[in-house]
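User: I am new to this structure. Please take one part of it, look at it closely, and then connect it to a few other places worth finding.

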Amino acid sequence: MSTEIIREAANRHDFALIAKWIQPGSKVLDLGCGNGSLLSFLRDRLDVKGYGVDKDDSNVLACIDHGVNVIQMDLEAGLAGFDSLSFDYVILSQTLQAMVNTEGVLREMLRVGKQGIITFPNFGYWRHRIQLMAGHMPVSDNIPYQWYNTPNLHLCTIDDFEALCGKMNIRITDRIVINEGDTVSFMPNLRGSLAIYRFEQAAWPISY
Amino acid sequence: MQDSSFIGIVAPHTAHFPQALTLKSGEVLPEFDIVYETYGTLNSTKSNAVLICHALSGNHHAAGKHHENDKHPGWWDNLIGPGKPLDTNKFFVIALNNLGGCHGSTGPASINAATGKPWGSKFPMVTVEDWVSSQAMLLDQLGIQQLAAVVGGSLGGMQAMQWTLDYPDRVRHALVIASAPNLTAQNLAFNEVARQAIMTDPEFYNGDYYEYQAIPNRGLRIARMLGHITYLSDDAMGAKFGRKLRDGSLKYNFEVEFEMESYLRYQGDKFATAFDANSYLRMTKALDYFDPAFPHHGDLSLALAKAKADFLVVSFTSDWRFSPARSREIVKALLDNELSVSYAEVTAAHGHDAFLMPDPHYHQILRAYLANIDTGASA
C-alpha cells in the first residue's frame, strides 16, 4: 500500500467503520471509487474480491497504479454491466450527493448488491446550520467546496436520507453517525458531520 | 543521437517445427516455421516473458530496427523498449509472425515440401486457436513455461483472450486492447468485401498466382483502402483531410482530386507491395471465425470460465469497428467469473487505429498495469 493511500485511509474515518460491516472474503463493488483507497484498505484487511467503478481518467489510472480492479464507466448511466445480486456489498462512499439521479443510483445499488453501504456528509450538522444562519453556504471538512465550484448537487440531512429510504422501501440495517472520528448517538442530525448506513431492499408489500 | 528508450538494432530468428500441427479445420500442417523477435532478457526463473500478438497486417517486427538506416522501427516501437510502458529492462518480450502470414512464418507463399511449389490455394485456413497452439509450441522451444503477460490489440487481443482459455496455467496477465468477443455482422461484411476485391482480381488465379508470376495487387489495394476507412473515425478523417483538394481546384476527371483519395491510394499501394493477398484472406477469415462463446450457445461468461489470468481491457471511444460496447461484453463475462479485471475506456479520436498510437493517457494505463506485474525478485 502506498504512503499516499495510507495517509488518506487515516483521514477517512469511515473506512474502518465500513470495514466492520463487511465479511472477510466477500465480493465488493465500490461506486465512485476515486483512487481505489477504500478497496485497497478492504483488500489488505479483509481479503475481499473488490472492484471499483469510476468515470474519471485520472482515478482509473490511480486505481490501476495501486493494483485495484477498476471499471471505467459513468454511474449515472446505471450498472447495466453488472448482474443482479452479483455482489455481497455495493458501496457508495461520499458520492451520493454528487449524483444527478439519486434514486436511480440507490435502486441500482440494491439491484446489483445484496446490501448497500453509503456514506455522506450530513448537511444538518450544526456547524453547517450556523454558517447558513450567518448567511453563507456551509464549507467544512466533509463539504470542502465553495458553492461555485462544488461537485455536490444533492446534499441532504440524515433525516432527509432516511425519509427517502422509507419512500423507496429500503430497510436500514445499521447506522453510524460520526463527528471528527467519534460516534455520535445523541441528536445525530445536529451533532454528526458524517453518516454511514448499511441497508437492503425490503420486500415490497404485495398489492392487488 | 539515438533515444535511450529505443531498443536498437534487432534481428529476427526462425524456429522450425518438424512435427505436424492439426488445425481446428481438421487439416494438418506437416511441419512449419515461425519467425520471431525478442527484446530484453529472459530472467533466471523465466518469469518475465511477455508475448505480443499481432493484428491483421502485423508481424514479428514489433520494435527496434533491422538496419540503422531503416525508415521506420517495428510496428509497436512506441510501446516497447527500455523505460517504455512495456519496459524491456523488466520484461523479455517475444513478438512473432503468425502462421499463414507473409513475413517469414509458414504461409501461403511458402514452399509446400510435398509438391515443391508454393502452397497457394492449398494453404489451410488458420484460426486464432491454431495461432495460440503454435505460439505455445514456440514458448516450449524457448523453454518458457508461463507468460507474465500476453498483450494484443484487435485480432491480437482475441489471441490474448484465447491464451487464457487454452492455457489458463501458462499466462498470468492478459492485456486485451481494442478487441471484441467476436465480429459483428457489419465487421463480417467488411471482411467479405475485402476478400471479394482480392478474389475477383484477374491476377488472383484462384489463389495460385505465384505459379503465374502474377500478383493480385489491385484487389489487395482495394481491400486495404476499405480497411483503412474502417480503422479511422469520421472525425479523425475530417480533421486530417476534410474536403481538402490535392491541387487546390477541381479537375472534373477521375484522377486524384481530394487529399482523402490521395491518402487512400497511397496506403493501398504501399500495402499491396508489402503484403501477400493469400495471407490477407486468411487473416480476415481468422477474425471471422473467432467466437469463443459459440460452443457455449453464445454465453461468453461460460466460455471464459476456464480463464485464470488477471485482465486489463482497454477500448477507445471513437473505435466503431471494435467499439467500447464490445469490450464491455468481455469485462462483464470476466466479472461474472470473478476474475481480476480493470477496464479503461480511453477518449481518443483516432478510431480503431488508436491502439497503435502513443496517446499519453493510454500509455500511462499500460505502464501502470505492466509495472505492477510481479516477475519475481530475480527480475
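Analyst:
**Two cysteines in chain A**

Cys33(A) counts as buried, because its relative accessibility is 6%, and the cut-off for buried is under 20%. The model is a predicted one, and the values here are computed from it. Cys63(A) is also counted as buried, with a relative accessibility of 0%.

The next point is whether the sulfurs of these residues are bonded. A disulfide requires two cysteine sulfur atoms within 2.5 Å. By this rule the count over all chains is 0. Cys33(A) is therefore in no disulfide: the nearest cysteine sulfur belongs to Cys63(A) and lies 3.7 Å away. Seen from the other side, the closest cysteine sulfur to that of Cys63(A) is in Cys33(A), and the 3.7 Å between them is too far for a bond. The picture is of two buried cysteines whose sulfurs face no bonded partner.

The surface of chain A offers a contrast. Leu132(A), Met137(A), Trp147(A) and Tyr148(A) make a nonpolar surface patch of about 510 Å². One of these residues, Tyr148(A), sits in the loop between α6 (126–133) and α7 (158–167) of chain A. With a relative accessibility of 57%, Tyr148(A) counts as exposed, since the cut-off for exposed is over 50%.

Chain B has residues singled out by a record. An unreviewed UniProt entry lists Ser154(B), Asp319(B) and His352(B) under "active site". These residues are spread over 199 residues of sequence, yet they cluster in space, with a largest C-alpha distance of 10.6 Å. Ser154(B) and His352(B) are among the residues that line the largest pocket.

Ser154(B) can be placed further. It lies in the loop between β11 (149–153) and α2 (155–166) of chain B. Its relative accessible area is 6%, so Ser154(B) is buried. A loop position can thus go with burial, as for Ser154(B), or with exposure, as for Tyr148(A).

Another loop residue of chain B falls between those two cases. Ala109(B) is found in the loop between β8 (92–96) and β9 (111–112). Its relative accessible area of 42% makes Ala109(B) partly exposed. For a sense of distance in this chain, the C-alpha atoms of Ala109(B) and Asn337(B) are separated by 42 Å, and the two residues are 228 apart along the chain.

Terms used: Residues numbered from 1 in each chain as written. Chains lettered and ligands numbered in written order. Predicted model: local features only at pLDDT ≥ 70, side-chain atom pairs only at ≥ 80, totals over all residues. Heavy atoms only, no water. Buried < 20%, exposed > 50% of the residue type's maximum accessible area, 1.4 Å probe, protein only. Patch = residues over 30% accessible without salt bridge, like charges linked within 9 Å, V, L, I, M, F, W, Y side chains within 5 Å. Areas by Shrake-Rupley, 256 points an atom, 1.4 Å probe, with all protein chains shown as cover. Salt bridge = Lys/Arg side-chain N within 4 Å of Asp/Glu carboxyl O. Helix = DSSP H or I, 4+ residues; strand = E, 2+ residues; numbered from the N terminus. UniProt positions renumbered as here; feature names shortened; annotations may be inferred. 1 Å grid on protein atoms, 1.4 Å probe; cavity = no way out; pocket = protein on both sides within 12 Å on 5 of 7 lines; lining within 4 Å.
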